[in-house]
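This briefing introduces a protein structure to a reader who has not met it before. It begins with the overall make-up and then turns to selected parts.

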Amino acid sequence: MLLRLPLVLARFLNNGRLRMLFLGLMLLLLMGILLTYRWQTNVQLCFIETEPAESASSGPVTDGNAPVPRILDDVLTTEPKPIPGRSIFFHETSCHRPKRKRQRPDSQYNMLQLTARQACAIESAALHNPNFQVFVLFASPTYLHYGNSSTGGSSGYQRHQSIIDAILSYKNVHLRQLNLWRYAAGTPIEEWLKDGRLFRSSYLFSHISDFLRFLTLYRYGGIYLDMDVVMLRSMEDVPPNYTGAESNTHLAAGVMSLAPTGFGHEIAEACLQDFQRNFDGSDWGNNGPGVITRVAQKICATKDIALMLEDRKRCRGFKVFDRNAFYAVPWKHWRHFFEPQLLEQTMAHTKDSFLVHVWNKHSKQLAIKVGSSTAYGKYAEQHCPRAYAAAGDYF
């Protein structure tokens, strides 16, 4: 067989059609490799502060008559810093690097962007938990106009700035940025991050969010919340060290609380260890819900969610709330939040919930008219009134 190989190759190369097909395939393969490398490099640059910048707390700076956007303050160095065990955290991991310069003077910056629904989650947490500090952490260098809505601009731009003003009107809300590598320094996951596996994920922004929620709870304890929730009542007096069941087989990572010391800190460290040991960049849920599920199974010495719910002593004080606490409306029924005919049913179903999760992955494209009779609209009107009012005609 080996002796015939040169003859086979010679015949192949003499066939012009096959030769062109082979060269075309090799060219496509090479282009795919180069594009993948370029994409990974560009995405990683999203999370690196490439030039020194004045912080948003330094005061206004102008370029001619236009205010220059200022970078958000770093959570590790800026007061007030998170109070361990008395802070609520949201993370924003999207990256909006401009592809080319436009006429707007701020087009070169990664400007802070929040939707009215994200602002609603933040406001509801601040409104119902006035004795907790609420931190919104941006994972890439993010800029904000000093003075917000007073800087002028289009109606859409003004509306966006009004949404930001709405959440900043709460004294316990703080917008901060972080650098992934500095944030991980001195923690059990510092060396793993340097490996670069995280940036080769097929679900990069989701997995960075997973990475950060466990890291933040390791650093500070407190409460982590997804940005597609609406808090319905205070959680200030709920003892720490808990999460919620999403189904009969899995816990969810969209609402978690850990104490900053003792058993809570041990759980956070176990989550970081599990994250890096079992990381799978091709599996969306493995590194978030999968982590807290596996860690809880070890703590509780069972894979049976029902047993975790029934006996807190089995879980050594780690509380697993049933679905009604945080996920009363499952993701398959996300439309219930948006359908007027299901308003009363949905409100009754969530009357004992701490918060509702509206499943942004599925629902983000479905707008609701402000003032309409939908469950989501009623939640927003009551629990995030300033963000809801700033949304404009549609929320």
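The secondary structure of this protein comprises 15 helices and 13 strands. The model is a predicted one. Of the 395 residues, 49% count as buried. Among contacts between residues at least 6 apart in sequence, 74% join residues that are at least 24 apart.

**Helices H3 and H14**

- The axes of H3 and helix H14 (residues 375-383) come within 9 Å and cross at roughly 45 degrees. An angle that is neither under 35 degrees nor in the range 65 to 115 nor over 145 counts as oblique, and H3 is therefore oblique to H14.
- The crossing of these two helices, H3 and H14, is left-handed.
- On the H3 side, the residues that meet H14 are Arg 117, Cys 120, Glu 123, Ser 124, Leu 127 and His 128. Their counterparts in H14 are Tyr 376, Ala 380, Gln 382 and His 383.
- By class, the contact of H3 with H14 has 4 nonpolar, 4 polar and 2 charged residues.

**The loop after H3**

- Pro 130 lies in the loop between helix H3 (116-128) and strand E5 (133-138).
- With a relative accessibility of 51%, Pro 130 counts as exposed, because the cut-off for that class is over 50%.
- Leaving aside neighbours within four places in sequence, Pro 130 is in contact with Asn 172 and Glu 236.
- Pro 130 and Val 173 are 43 residues apart along the chain, and their C-alpha atoms are separated by 9.6 Å.

**Helix H7**

- Helix H7 (residues 204-220) has 17 residues, which at 1.5 Å a residue should span 24 Å. The end C-alpha atoms of H7 are 24 Å apart, in agreement with that expectation.
- H7 is mostly covered, as 14 of its 17 residues are buried.
- Just after H7, Gly 221 takes a positive phi of about 65 degrees.

**Helix H8**

- For the 16 residues of helix H8 (residues 262-277), the expected span is 22 Å at 1.5 Å a residue. The end C-alpha atoms of H8 are 23 Å apart, which agrees.
- The buried residues of H8 are Phe 263, Gly 264, Ile 267, Ala 268, Cys 271, Leu 272, Asp 274, Phe 275 and Gln 276.
- An α-helix has 3.6 residues a turn, so residues three or four places apart point the same way.
- The elements covering the buried residues of H8 include helix H6 (190-195), H7, strand E11 (251-258) and helix H9 (289-300).

Terms used
Residues are numbered from 1 along each chain as its sequence is written. This is a predicted model: local features need pLDDT of at least 70, side-chain atom pairs count only at pLDDT 80 or more; totals for chains, interfaces and linings use all residues. Side-chain values use heavy atoms; hydrogens and water are left out. Helices (H or I, at least four residues) and strands (E, at least two) are DSSP runs, numbered from the N terminus. Buried means under 20% relative accessible area, exposed over 50%, partly exposed in between (1.4 Å probe, protein chains only). Contact means heavy atoms within 4.5 Å. Axes are lines fitted to C-alpha atoms, for helices over the stretch in contact, and angles run from 0 to 180 degrees between N-to-C directions. A crossing is left-handed if the near helix is turned anticlockwise from the far one by less than a right angle, and right-handed if clockwise. Ala, Val, Leu, Ile, Met, Phe, Trp, Tyr, Cys and Pro count as nonpolar, Asp, Glu, Lys and Arg as charged, and the others, Gly among them, as polar. The expected span of a helix is 1.5 Å times one less than its number of residues.
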